[in-house]
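Before the labels attached to a model are accepted, it helps to ask what each of them rests on. The exchange that follows takes up several such labels in turn.

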Amino acid sequence: MIQRLLKFLDASPVNFFAVKNLSEELLKAGFRRLNPQEPIGKVQAGDKFFVTKNDSSIYAFQIGSKPLADAGFRMICAHCDSPTFRVKPNAEIGCEGGIVKLNTEVYGGPIMSTWFDRPLTLAGRVIVKGEDVMNPRTLLLHVKRPLLQISNLAIHFNREVNDGVKLSKQKDMLPILGIINNELEQGNLLMNLICEELAIQREDILDFDLYLADAMPACTFGVHNELISSGRLDDLSMCYAGLEALLGSPEADVTKVLAIFDNEETGSQTKQGAGSPFLGSMLKRIAWAQSGTEEAFYQAVERAFMVSADNAHAWHPNYSEKYDPTNHPVLGGGPVIKFNAAQKYASDAVSAAVFAEICRKAGVPSQRFVNHSDVAGGSTLGNILASSIPLRGVDMGNAILAMHSCRETGSVADHTYCVKAFTQFFSGMA
Ligand code: CO
């Protein structure tokens, strides 16, 4: 099971690839792709389908044996974007000696220092001329070799480097792409590379969304291979646990929904983010297609339960003072239920009790997280979604170390636990 997760992580350097890989697994499992531009058509018990938005968010539905109005739906949501650096337009900066560096801007909140001195690559989408102006074609690009590096300043130029360094996003974080061989390459290094990788002509390229990604594969480590080292565990590990549960759970009375959003790391307020009305509209259309009434949707929402799955902070052996004195989840301790008095998390005593019981039924331990009261902490999907669709639900996630590092640390056992808990959740009333 862990090998499948590692493979998914490696094959998903950015959101677009995560959605493509999830789509392919859903197709293999008999889900059909719906085109949201077309009517939904007839919806029957056992139907399995999915839609995507912007090629960077994906929503899968498995219709339950009971009507939505009677059994509601069970939803697991997660996000497929992760902190990184986006390549700016006109990105090439030619320097002394023919060195070319790329102009980038920060996406989300990475721990920037972790991006230094490691082999990086490029991944994302390239937009090329299509049939007409309104419908250009999209090609995905993942350069599968070390291509770039953001090199540190030598310690001899900065003796205070180990006392904490302030980093400029514009000055310090620009990666080196290579050294030009001749004048013709001047200003063309990136475009030449894209043309070569995708076997296309320069004049066909209209634009791109390209991001930096770790070029080294995910791996397990530890004496017992009990830990995971990978970029993007937040939140691809939860996306994949959701998929494993969707495909591995039996047909149920409830309707199962797996919703993977984009842009959580920048606040979710996009058409493909958790702040978008898209998922709510899809659910409404499905309920209408099944029952012929709008009422069915509202009843389904009232019977629904949402698991907002986003990684939590594991207790760090070097920084125990940062954690709440009585609630500090550990690696390998099972799914973490997150609470926040200011309601940054959707969990309350009722929804937490429901989810903890689901874990218990699945034979899985669960843990509880609250922030140290002097530490602000983060936010996530649950409440953003619940403010547009009033769903009862819980915020949870597997505990990891070094959240938003270029390589985070997770636990192998927690992945198995999470898949079991999600499978139980998707098994419906049984
Ligand atoms: Co996250």
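**The cobalt site and its surroundings**

Along the chain, the donors of the cobalt ion follow the spacing H-x154-D-x75-D, in what is a predicted model.

Q: What makes His79, Asp234 and Asp310 protein donors of the cobalt ion?
A: A nitrogen or oxygen atom counts as a donor when it lies within 2.8 Å of the metal; the NE2 atom of His79, an OD atom of Asp234 and two entries for OD of Asp310 lie 1.9 to 2.7 Å from the cobalt ion, and they therefore meet that cut-off.

Q: Why is the site of the cobalt ion called irregular?
A: Four donors count as tetrahedral if all angles lie between 85 and 135 degrees, and as square planar only if opposite donors are over 155 degrees apart. The angles among the four donor atoms here run from 52 to 140 degrees, so the tetrahedral range is left at both ends and the value of over 155 degrees is not reached, which leaves the label irregular. Water is not among the atoms, so sites may look incomplete.

Q: Why can His79 and Asp234 be said to tie together parts that are apart in sequence?
A: His79 belongs to strand 4 (residues 73-79) and Asp234 to helix 5 (residues 233-248), so the pair links parts that are 155 residues apart in sequence. Both His79 and Asp234 are buried, which means that each has under 20% relative accessible area.

Q: Why is helix 4 described as largely enclosed by the rest of the structure?
A: Of the 10 residues of helix 4 (residues 189-198), seven are buried, so the helix is largely enclosed. The buried residues are Leu189, Leu190, Met191, Leu193, Ile194, Cys195 and Leu198, and their cover includes strand 5 (84-94), strand 7 (120-128) and strand 10 (205-214). Just after helix 4, Ala199 takes a positive phi of about 55 degrees.

Q: How do you know that strand 11 and strand 12 pair?
A: Pairing needs at least two bridges, and strand 11 and strand 12 (residues 227-230) share three in the antiparallel sense, so the condition is met. Thr220 has Ile228 of strand 12 as its bridge partner.

Q: What makes strand 11 and strand 20 edge strands?
A: In the open sheet of three strands, ordered 11-12-20 with antiparallel pairing, strand 11 (219-221) and strand 20 (408-411) each pair on one side only. Neighbouring strands of this sheet are turned by 35 degrees against each other on average, direction ignored.

Methods:
Residues numbered from 1 in each chain as written. Predicted model: local features only at pLDDT ≥ 70, side-chain atom pairs only at ≥ 80, totals over all residues. Heavy atoms only, no water. Helix = DSSP H or I, 4+ residues; strand = E, 2+ residues; numbered from the N terminus. Axes fitted to C-alpha atoms, helices over the stretch in contact; angles between N-to-C directions. Donors = N, O, S within 2.8 Å, 3.2 Å for Na, K, Ca; no water. Tetrahedral: all angles 85-135°; square planar, octahedral: opposite > 155°, others 65-115°. Buried < 20%, exposed > 50% of the residue type's maximum accessible area, 1.4 Å probe, protein only. Contact = heavy atoms within 4.5 Å.
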